[in-house]
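Please look at the sequence and the structure shown here before reading on. The report below takes up selected helices, the contact between chains and the division of one chain into domains.

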Amino acid sequence: MPAGLLGIEELSRDQIQSLLDRGRFYQPLQTQVVKKLDTLHGKTIVNLFFEPSTRTRISFEIAAKRLGADTISISAQGTSLSKGESLLDTLNTLAAMKPDAIVMRHAASGAPHFLARYLPIPIINAGDGTHEHPTQALLDAVTILDYKPGLRGLRVAVIGDIAHSRVARSNIHLLSKFGVDLVLCGPAPLLPAELSGLAAGITLTSSIEDAAAGADVIMMLRVQLERQHETTFPKSEYFQFYGLRLEHVRLARPDAIVMHPGPINRGREISSEVADSPHSVILNQVENGVAVRMAVLEQVVAQPAEAPPQPGAGVSSLPARMTITL
Amino acid sequence: MRSLLIRNGRVIDPAGGLDAARDVLVADGSIAAVAPEIKAPEAEVIDASGLIVAPGFIDMHAHLREPGMEHAETIESGARAAAAGGFTSVCCMPNTIPVNDSATVTSFIVERARRQALVNVFPIGAITKESAGEQLADIGAMKQAGAVAISDDGRPVMNSRVMRRAMEYGRSFGLTVIDHCEDLNLSAGGDLHEGLTSTRLGLRGIPGCSEEIMVARDLLLSQLTGARLHVAHISAKNSLAMVAQARQLGIPVTCEVTPHHFSLADREIVDYDSNFKMKPPLRSCCDVEAVLEAIANGVVDAIATDHAPHTGSSKMQEFENCPFGITGLETALGLALEKLVHTGRISLLHMVKLFTLGPARALGLTRGTLAPGAPGDVTVFSVDREWTFDVNQSQSRSRNSPFHLHQFRGGPVLTIVGGKKAWESQT
């Protein structure tokens with residue numbers, strides 16, 4: 001099986017660290033006048049999105065283009081899946097055209113893991129069902145590191161629909177590996193008790209006040225109504241009990257940051273006052289998404305063992321690699 | 001038909017409590033004698049030195065897929081897999097296309113099996129028409145055509161009043177009601193046992209209580225109606241406790257477990273491998289331990305495979321789109337030896353009982369014994385021969401087993417059905 005990126009859970013701390021380092025290395029590039037490198041010149045990357053996505057798909061596409069790769073973006077509506085072809089056959093067909101990586105989002109948990117067993121092409125998971133969204137967790141970590149000196153010992157509150165959140169799972173795995181104190185918060189039907197067994201350092205609470213108290217980071221999650229197959233909570237009073245408002249942010253540490261993977265629903269899980277407050281780093285997350293995805297694409301596609309160095313390729317125009325200690 | 005003399009084996013017949021060195025003579029399709037040093041000059045001699053000779057195994061829960069899903073299995077291929085697994089009789093669930101809810105379908109299965117199957121095939125009729133849970137099926141006519149029990153298996157009757165009437169009506173024909181106990185509202189959309197594994201994988205859970213609630217209902221209905229209830233593939237801790245308690249209260253209940261439910265827990269699932277997806281799902285370690293204890297304590301009456309073949313393409317999909325079920329006929333005995341006998345949890349005689357007398361009694365079949373005059377069904381097996389299960393060599397048409405390349409110690413050697421060799425191990 002070619003090495004792609006399927007999830008955070010199976011990565012070691014060192015592997016994550018090197019991706020974070022590389023993501024931070026690419027941060028300054030995003031504000032340069034000329035942003036394009038030729039690291040992945042001649043490589044082809046297919047973005048295959050079986051679920052609607054704006055930021056992740058565009059972020060991956062920009063990241064690939066800034067590395068000099070050719071990209072093709074496909075959304076599910078335009079594929080032969082609608083003609084009854086199986087997912088595996090569709091992917092095998094794509095693989096036969098020899099792309100260098102497939103970036104995939106799919107509504108079914110484990111879809112990329114299933115495909116990775118059979119495909120000769122590395123797969124980068126851009127979100128699978130309610131399982132993982134590894135690049136989101138990486139960009140979230142890079143964003144936290146923009147504001148905090150390190151991850152160890154931070155208190156991070158994750159609030160909302162944890163049960164259905166792939167963002168939450170990836171963040172839980174990543175932050176736990178770095179010694180973060182995690183508080184997961186939501187109404188009980190969205191907060192299965194088993195979550196506390198997912199990784200080390202997790203506590204659960206159904207009180208948003210308890211979750212926010214003393215937090216260094218507050219991560220809000222979108223309520224995934226499209227993944228609710230039943231009535232799990234009364235929608236009408238969600239904001240009253242689990243919407244993040246300024247009164248909650250005041251319970252956190254004064255320098256607390258508020259994050260959200262987007263798209264945000266103002267007035268459902270977060271108030272406009274918080275979303276637009278100085279605590280909010282939501283747009284920084286989006287910005288970091290490109291840098292982190294460049295790091296991931298580079299690692300997956302430009303593996304030195306597979307591709308001998310090309311003349312003119314590389315990142316020699318950039319400053320030497322930074323090292324960050326967490 | 002030439003007689004068969006099985007010599008020098010260790011004969012285990014739970015009905016008579018026999019576990020001793022004996023010869024077994026099978027003549028004219030029936031058991032003729034079980035005694036030391038039988039002389040039968042005309043008979044074909046089978047040397048069973050070092051082997052166990054037992055009554056023919058009965059699998060009271062399998063899916064043979066015919067009619068309607070012959071690409072996954074046929075009565076012929078399923079029966080061949082059964083023979084290769086040491087089973088001489090298989091009961092097939094009614095969820096075919098069309099559903100076995102009428103004497104016509106029952107007769108088709110009986111006739112097809114008579115002509116093509118290596119083993120005895122006993123159809124189980126549906127409880128309700130099309131297993132839709134509303135109108136009772138033609139239960140009496142199916143019984144006349146050869147049905148040995150009634151069940152809506154994978155589409156269990158949710159309406160308690162319908163279930164009550166089915167129990168009452170089935171009782172008047174002496175038919176056991178087999179229930180796949182699952183509260184479909186609680187389990188809706190679930191892929192795996194609800195627990196850490198389902199949470200970790202982001203898959204929806206099927207809580208243990210979705211089974212337990214229906215076991216409780218069925219026990220109460222059995223008490224009310226006096227009908228014989230058989231709980232299929234029991235998997236959850238509280239279900240077993242309730243069955244044990246009900247039996248003490250005199251409720252006529254029996255239950256079966258599958259080899260996979262006593263062999264695997266949810267934490268052993270290979271991530272997103274649909275060969276670990278079945279209903280009921282692989283439960284927690286705590287449930288597996290309860291199943292093992294219930295087997296040892298005699299609460300469990302039968303081992304049944306719930307052999308559920310599915311084509312490769314249907315199992316090669318996104319996990320949540322894959323159908324439930326795994327094959328099991330050829331690995332059942334090996335797993336029972338490995339997990340129950342070699343571990344010292346139960347005796348060999350007890351294990352044989354779970355494959356023979358237990359299911360026969362649950363269904364009221366006059367089989368599962370080596371008593372003279374009984375049908376000439378004999379299972380000869382080894383307890384120490386080492387072999388590896390290769391799913392690609394399976395007799396089944398399907399390949400959906402989590403035990404591919406599993407190494408077994410002990411397994412089927414010779415399967416005799418109606419006095420004839422149906423299958424013989426090549427090793």
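What follows is a report on a predicted model, set out under short headings.

## Helix α1 of chain A

Helix α1 of chain A covers residues 13-26, which makes 14 residues, and its span from first C-alpha to last is 20 Å, close to the 20 Å expected at 1.5 Å a residue. Within α1(A), the buried residues are Ile16(A), Leu19(A), Leu20(A), Arg22(A), Gly23(A), Arg24(A), Phe25(A) and Tyr26(A).

The buried residues of α1(A) pack against three helices of chain A, namely α5 (134-147), α6 and α11 (282-301).

## Helix α6 of chain A

Helix α6 of chain A, one of the partners of the buried residues of α1(A), runs over residues 166-177 and has 12 residues. From its first C-alpha to its last α6(A) reaches 17 Å, close to the 16 Å expected at 1.5 Å a residue.

This helix is mostly covered, since 11 of its 12 residues are buried. Among them are Val167(A), Ala168(A), Ile172(A), Leu174(A) and Leu175(A), and the buried set also includes Arg166(A), Arg169(A), His173(A) and Lys177(A). After α6(A) comes Gly179(A), which has a positive phi, near 75°.

## Contact between chains A and B

Where chain B meets chain A, 17 residues of chain B are in contact with 20 residues of chain A. On the side of chain B that touches chain A, the largest share comes from helix α6 of chain B (residues 196-201), which supplies 4 residues. Sorted by class, that side of chain B holds 6 nonpolar, 7 polar and 4 charged residues.

## The two domains of chain B

Chain B is divided into domain 1, made up of 4-52 + 376-386 + 406-424, and domain 2, which is 56-363. The centres of domain 1 of chain B and domain 2 of chain B, taken over C-alpha atoms, are separated by 28 Å.

Between these domains, 19 residues of domain 1 of chain B are in contact with 23 residues of domain 2 of chain B. On the side of domain 1 of chain B that touches domain 2 of chain B, at least two residues each are supplied by β16 (378-388), β17 (407-417) and β18 (420-424) of chain B, and β17(B) gives the most, with 7 residues. By class, this side of domain 1 of chain B has 12 nonpolar, 4 polar and 3 charged residues.

Terms used
Residues numbered from 1 in each chain as written. Chains lettered and ligands numbered in written order. Predicted model: local features only at pLDDT ≥ 70, side-chain atom pairs only at ≥ 80, totals over all residues. Expected span 1.5 Å × (residues − 1). Buried ≥ 20, exposed ≤ 12 C-beta atoms within 10 Å, placed from the backbone. Contact = placed C-beta atoms within 7 Å. Nonpolar A, V, L, I, M, F, W, Y, C, P; charged D, E, K, R; others polar. Domains from an automatic or database assignment.
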